[in-house]
Structure formats: structure tokens, C-alpha cells
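Let's take a walk through this one, going from charged pairs to the core. Have the structure open while you read.

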Amino acid sequence: MIYNNVDFDTYFKHYPDKEGFFGKYGGAYISEDLKQAMAEITEAYYSICQSRKFIAELRRIRKEFQGRPTPVTHLERLSDALGGKVQLYAKREGLSHSGAHKRKHGMGEALLAKYMGKKKIIAETGAGQHGVALATAAAYLGLECDIYMGAVDIK
């Protein structure tokens with residue numbers, strides 16, 4: 001499929017490039033102070049994501065603690081209101097323990113940190129949901145956690 005001069009049949013064979021860019025978009029913009037830490041996290045991720053033990057633990061946590069997979073609900077009345085030409089469904093992410101989709105990746109982040117031997121997680125958050133999700137995951141796994149929110153975000 002070609003859209004806006006992009007051939008989506010071959011797109012992911014070429015992108016992202018080694019720097020994480022999708023053409024002129026994307027990439028990682030981080031300070032020099034954090035580049036080594038990010039390289040360590042990336043290396044650990046590519047190592048641990050192949051681990052059957054890690055995947056099994058994450059799946060168990062998702063099922064037993066997070067209530068995943070969350071249900072898909074047919075929105076029958078809304079579908080009918082639209083004339084029945086389309087059938088609408090909603091994924092019920094808000095039913096996950098402590099809510100929202102942020103829990104899904106927050107638990108993965110915290111579990112990776114645990115497998116890396118880390119004792120503490122830090123994160124920034126804008127609206128607060130990422131912080132809540134990561135703090136919940138850290139508490140579940142027995143890790144310390146500091147969440148930072150910028151002064152502009154607080155205002």
C-alpha cells in the first residue's frame with residue numbers, strides 16, 4: 001500500500017534506522033549523561049526479551065495481578081445507532097488493576113529493571129498516569145520508585 005509516497009509494504013525493512021529514525025522523524029534525544037544508561041537498558045532488553053523465564057513471569061503478572069487480557073466489549077447500542085453498518089467494539093483497558101494502558105508497559109519496565117538487578121526506578125510523568133503505573137509496578141516487585149513531575153506539568 002502506498003500512502004503519501006510511502007510504500008508500507010517495504011517500510012519496516014528500512015525503518016527505523018540505526019539511530020532510531022523513521023526518515024526525518026523519531027530518534028532518541030537524550031543528554032550525554034543518560035546515553036550510557038540507555039545503552040545498558042537497551043542491551044538488557046534485547047537479552048531478556050528472549051528469556052522464557054522473563055516472558056512467563058510477565059504473562060503471569062499480567063493475568064493474575066493486572067487482570068489481562070482485558071475484555072473486548074461489543075458496543076451494540078452505538079453500533080445500532082450508526083445504522084448497523086459497522087459493529088463497534090471497545091477494549092476495556094480501564095478494568096486493568098490501577099487502570100489504563102500505562103500499566104502494561106510500566107510492569108514490563110519494572111520487571112526489566114528487576115532482572116537487571118536494579119533496586120530503584122525513576123521516571124518522569126506529565127499527566128501522572130505513567131507515574132502511577134510505574135509506582136504500582138515497582139511496589140508489586142518490591143522496588144523503590146521516585147516519580148518526577150515538571151513544574152510546567154504541575155501548573
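**From salt bridges to the core**

Glutamate 32 has a relative accessibility of 60%, so it counts as exposed, the cut-off for that label being over 50%. Keep in mind that we're looking at a predicted model. Its partner is lysine 35: the two form a salt bridge, with the closest N and O atoms 3.0 Å apart. Lysine 35 comes in at 39% relative accessibility, so that one is partly exposed. Why are the two about one helical turn apart? Because they sit three residues apart in helix α2. An α-helix has 3.6 residues a turn, so residues three or four places apart point the same way.

That pair belongs to a set of five salt bridges in the structure. Another of them joins the side chains of glutamate 40 and lysine 118, again at 3.0 Å from N to O. This one links distant parts of the chain: glutamate 40 is in helix α2, while lysine 118 is in the loop between α5 and β7, 78 residues away. Glutamate 40 is partly exposed at 36% relative accessibility, and lysine 118 is partly exposed too, at 33%.

Then there's lysine 120 with aspartate 146, whose side chains meet in a salt bridge at 2.7 Å, N to O. Lysine 120 lies in strand β7 and aspartate 146 in strand β8, so the pair ties together parts 26 residues apart in sequence. Both are partly exposed, lysine 120 with a relative accessible area of 42% and aspartate 146 with 26%.

Now for the inside. The largest nonpolar core has 18 residues, and those with the most contacts inside it include Ile61, Met107, Leu111 and Leu141. Helices α2, α3, α5 and α6 and strand β7 each supply at least two of its residues. Which element gives the most to this core? That's α5, with five residues.

Helix α6 is worth a closer look. With 13 residues (129-141) at 1.5 Å a residue, α6 should span 18 Å, and because its end C-alpha atoms are 18 Å apart, the model agrees with that expectation. Among its buried residues are His130, Ala133, Leu134, Ala137 and Leu141. What covers the buried residues of α6 includes helices α3 and α5 along with strands β7 and β8.

Leucine 141 shows the packing up close: beyond its neighbours within four places in sequence, this residue is in contact with Ile61, Met107, Ala110, Leu111 and Lys114. Just after α6, glycine 142 takes a positive phi of about 75°.

Note on methods. Residues are numbered from 1 along each chain as its sequence is written. This is a predicted model: local features need pLDDT of at least 70, side-chain atom pairs count only at pLDDT 80 or more; totals for chains, interfaces and linings use all residues. Side-chain values use heavy atoms; hydrogens and water are left out. Helices (H or I, at least four residues) and strands (E, at least two) are DSSP runs, numbered from the N terminus. The expected span of a helix is 1.5 Å times one less than its number of residues. Buried means under 20% relative accessible area, exposed over 50%, partly exposed in between (1.4 Å probe, protein chains only). Contact means heavy atoms within 4.5 Å. A nonpolar core is a set of buried Ala, Val, Leu, Ile, Met, Phe, Trp, Tyr and Cys residues joined through side-chain atoms within 4.5 Å. A salt bridge is a side-chain nitrogen of Lys or Arg within 4 Å of a carboxyl oxygen of Asp or Glu.
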